[in-house]
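Student: Could you take me closely through one part of this model, setting out the criteria behind each term as you go?

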Amino acid sequence: METVSLKNQTVAEFVLLGFYDIPELHFLFFIVFTVVYALIVIGNMLIIVVVISSQRLHTPMYFFLANLSLLEILYTSTVVPKMLEGFLQEAAISVIGCLLQFFIFGSLATAECFLLAVMAYDRYLAICYPLRYPLLMGPRWCLGLVVMAWLSGFMVDGLVVVLMAQLRFCGPNHIDHFYCDFMPLVVLACSDPRVAQVTTFALSVVFLTVPFGLILTSYARIVVAVLRVPAGAGRRKAFSTCSSHLAVVSTFYGTLMVLYIAPSAVHSQLLSKVFALLYTVVTPIFNPVIYTLRNKEVHQALQRLLQIKQVETSG
């Protein structure tokens, strides 16, 4: 299992401890999180299929929503399968595999930070500048914003992984987490991790607070604009459109900021794992629930799609 060089005692693999301190709940957790993971994949995949198949949903808002669903399928799939393995047996992962998992997950999570800001900006333009909105949010601009969000995530976390790859791990090799996160991994390093820690902190401050600030600014302006509208259906519709996005944003950014900008606020590793579950499992399942059950356009498109499938089956 674990190989060690005679001179440097270099660790070849890590063991993810997961929720090792509550083994009596492992089987229950395995069942619950397997069901939740299946719902995340199916729900978000359904959103992507509905958006692609419905001509009425070929708008910037739903283009961004489909990309958000794809992001959440991918980064959940990066973490959850290994967590499920840990409920049944010892979850070992190579050093390279660990860094790769952190890189993919971190890149996708960072990309989601940018994409959520883009979605807030899109709602701001749609509500505050409805007549100019088609020109301001054209197809090329939408595509450019999405590409920028995806590429920025991989560029930012690529720098962090390069710094982490220069660290030396000589034991112990047990990571007190259910996936290869930054802090639980760095504390195992035998070499000085301060450069990686300072760089990660600085990047976290910039790439969490700046998009979050843009989101707050966008919604503050939306609220001001909506309050000018006479009370009635128009005001309720505008607030309803934005409330689902705010629910996802508050959970996602809140947990990330606590864990990466103010980790000292979390006084136990178990609490840190619970916070991590919020953005790895809870937030991704919010997406299909909120946008399918609370959004009439998606709901109607889903009904039309199911009716078409029933007709094709009966025919």
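Tutor: What follows is centred on one helix, α5, and its surroundings.

This is a predicted model, in which local features need pLDDT of at least 70 and side-chain atom pairs count only at pLDDT 80 or more, while totals for chains, interfaces and linings use all residues. Residues are numbered from 1 along each chain as its sequence is written, and side-chain values use heavy atoms, with hydrogens and water left out.

Helix α5 comprises residues 139-165, where helices are DSSP runs of H or I with at least four residues, numbered from the N terminus. Helix α3 (residues 95-128) packs against α5 at an angle of about 145 degrees, and their axes are 8 Å apart; each axis is a line fitted to C-alpha atoms over the stretch in contact, and angles run from 0 to 180 degrees between N-to-C directions. The crossing of α3 with α5 is right-handed, a term used when the near helix is turned clockwise from the far one by less than a right angle. The residues of this contact comprise 20 nonpolar, 6 polar and 1 charged, with Ala, Val, Leu, Ile, Met, Phe, Trp, Tyr, Cys and Pro counted as nonpolar, Asp, Glu, Lys and Arg as charged, and the others, Gly among them, as polar.

The unreviewed UniProt entry annotates several spans as "transmembrane region", including residues 141-165, although such annotations may be inferred rather than shown by experiment. Residues 141-165 are 100% helix and 0% strand, and their end C-alpha atoms lie 36 Å apart.

On the surface, Phe63, Leu143, Val147, Leu151 and Met155 form a nonpolar patch with about 480 Å² of accessible area together, to which α5 gives the largest share, 4 residues, and leucine 143 lies in α5. Patch residues have over 30% relative accessible area and no salt bridge, with nonpolar side chains (Val, Leu, Ile, Met, Phe, Trp, Tyr) joined within 5 Å; the areas come from the Shrake-Rupley method with a 1.4 Å probe, and only the protein chains shown count as cover.

Technical notes:
Helices (H or I, at least four residues) and strands (E, at least two) are DSSP runs, numbered from the N terminus. Patches are made of residues with over 30% relative accessible area and no salt bridge: like charges are joined within 9 Å, nonpolar side chains (Val, Leu, Ile, Met, Phe, Trp, Tyr) within 5 Å. A salt bridge is a side-chain nitrogen of Lys or Arg within 4 Å of a carboxyl oxygen of Asp or Glu.
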